[in-house]
Amino acid sequence: MPSPFMSCPVTPPAPTGSEPPSLDTLTCSLTVPGAPYSAQIARGAVRSVLHAYRLDPLAPAAVQVTGELVAAAWRLDPGRSLYLSVRYRDDSLRLSVYDGHASHPHPRLAAHCEARRRAALRLMAVVVRECGGAWGFGESREPGGGTRTWASLPRHGAADYLPA
């Protein structure tokens with residue numbers, strides 16, 4: 001009997017292409033430069049990922065939200081890399097952007113910065129609300145700190161955002 005430490009895992013069969021990947025496996029991340037064109041790159045990546053998972057009806061809302069998240073992060077932390085995370089959990093698409101802009105220790109500066117971020121995300125907030133989702137931001141728990149801004153789009157709400 002072979003030792004369990006000596007055996008290699010069995011390779012699963014290759015997908016046939018007729019079925020989309022399981023939504024449980026939808027997890028994708030991308031690092032983009034903190035530059036004006038980064039929102040375009042991020043929107044294209046999200047559109048491609050949704051297409052691969054046959055979630056094209058979610059694309060209008062998700063692409064709009066992605067663009068707004070990345071653009072706001074770039075404006076608040078220009079020149080530094082931004083990290084985009086796309087996940088599908090609990091029948092919702094979750095989009096998160098991490099930027100390096102740390103919260104300010106002084107309450108007035110922190111309030112001003114929060115107001116700037118909320119103002120930059122007004123359009124995104126409307127889209128998320130129309131989809132029945134939620135959004136927010138807060139201190140990133142990632143190494144190096146910064147801010148995590150996120151939006152959650154329920155599948156059915158996002159699919160109904162812009163009817164075909």
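This briefing walks through the helices, the paired strands, the nonpolar core and two single residues of one structure. The model is a predicted one. Its largest nonpolar core holds 34 residues. Helix 2 gives the most to this core, with nine residues. Helix 1 has buried residues that lie on the same side of the helix.

**Helix 1**

- Helix 1 covers residues 38–52, which makes 15 residues. At 1.5 Å a residue, helix 1 should span 21 Å. Its end C-alpha atoms are 21 Å apart, so the model agrees with the expected span.
- Ser38, Ala39, Ala42, Val46, Val49 and Leu50 are the buried residues of helix 1. They cover an arc of only 100° around the axis, so they share the same side of the helix.
- An α-helix has 3.6 residues a turn, so residues three or four places apart point the same way.
- Gln40 and His51 are exposed on the other side of helix 1.
- Several elements help to cover the buried residues of helix 1, including strand 1 (27–32), helix 2 (59–76), strand 2 (82–89) and strand 3 (92–99).
- Arg54 comes just after helix 1 and takes a positive phi of about 55°.

**Helix 2**

- Helix 2 has 18 residues. From first C-alpha to last, helix 2 reaches 25 Å, close to the 26 Å expected at 1.5 Å a residue.
- Helix 2 is mostly covered, with 14 of its 18 residues buried.

**Strand pairing**

- Strand 1 and strand 2 run antiparallel and are joined by six bridges. Val32 has Leu82 in strand 2 as its bridge partner.
- Strand 2 and strand 3 also run antiparallel, with seven bridges between them. Leu84 is bridged to Val97 in strand 3.
- Strand 2 and strand 3 form a hairpin, with two residues between the strands. Asp90 sits in the turn and has a positive phi of about 50°.

**The nonpolar core**

- In soluble globular proteins, nonpolar side chains tend to be buried together.
- In the 34-residue core here, Leu50, Val65, Leu93, Leu95 and Leu153 touch the most other members.
- Two or more core residues come from each of helix 1, helix 2, strand 2, strand 3, helix 4 (122–130) and strand 5 (147–154).
- Leu95 shows how such a core residue is surrounded. Beyond its neighbours within four places in sequence, its contacts include Val46, Ala62, Val65, Thr66 and Leu69. Ser85, Val86, Thr149, Trp150, Ala151 and Leu153 are also in contact with Leu95.

**Leu30, a residue of strand 1**

- Leu30 lies in strand 1. Its relative accessible area is 26%, so Leu30 is partly exposed.
- Leu30 and Ser85 are 55 residues apart in sequence, yet their C-alpha atoms are 6.6 Å apart in space.
- Leaving out residues up to four places away in sequence, Leu30 touches Ile41, Ala42 and Ala45, as well as Leu82, Tyr83 and Leu84. Among these, Ala42 is one of the buried residues of helix 1.

**Arg117, a residue of helix 3**

- Arg117 belongs to helix 3, which covers residues 107–120.
- Arg117 has 3% relative accessibility, and therefore counts as buried.
- With residues up to four places away in sequence left out, Arg117 touches Leu76, Asp99, His101, Phe137, Thr147 and Thr149. Thr149 is also in contact with Leu95.

Technical notes
Residues numbered from 1 in each chain as written. Predicted model: local features only at pLDDT ≥ 70, side-chain atom pairs only at ≥ 80, totals over all residues. Heavy atoms only, no water. Helix = DSSP H or I, 4+ residues; strand = E, 2+ residues; numbered from the N terminus. Expected span 1.5 Å × (residues − 1). Buried < 20%, exposed > 50% of the residue type's maximum accessible area, 1.4 Å probe, protein only. Arc of directions from axis to C-beta. Contact = heavy atoms within 4.5 Å. Pairing = 2+ DSSP bridges. Core = buried A, V, L, I, M, F, W, Y, C linked by side-chain atoms within 4.5 Å.
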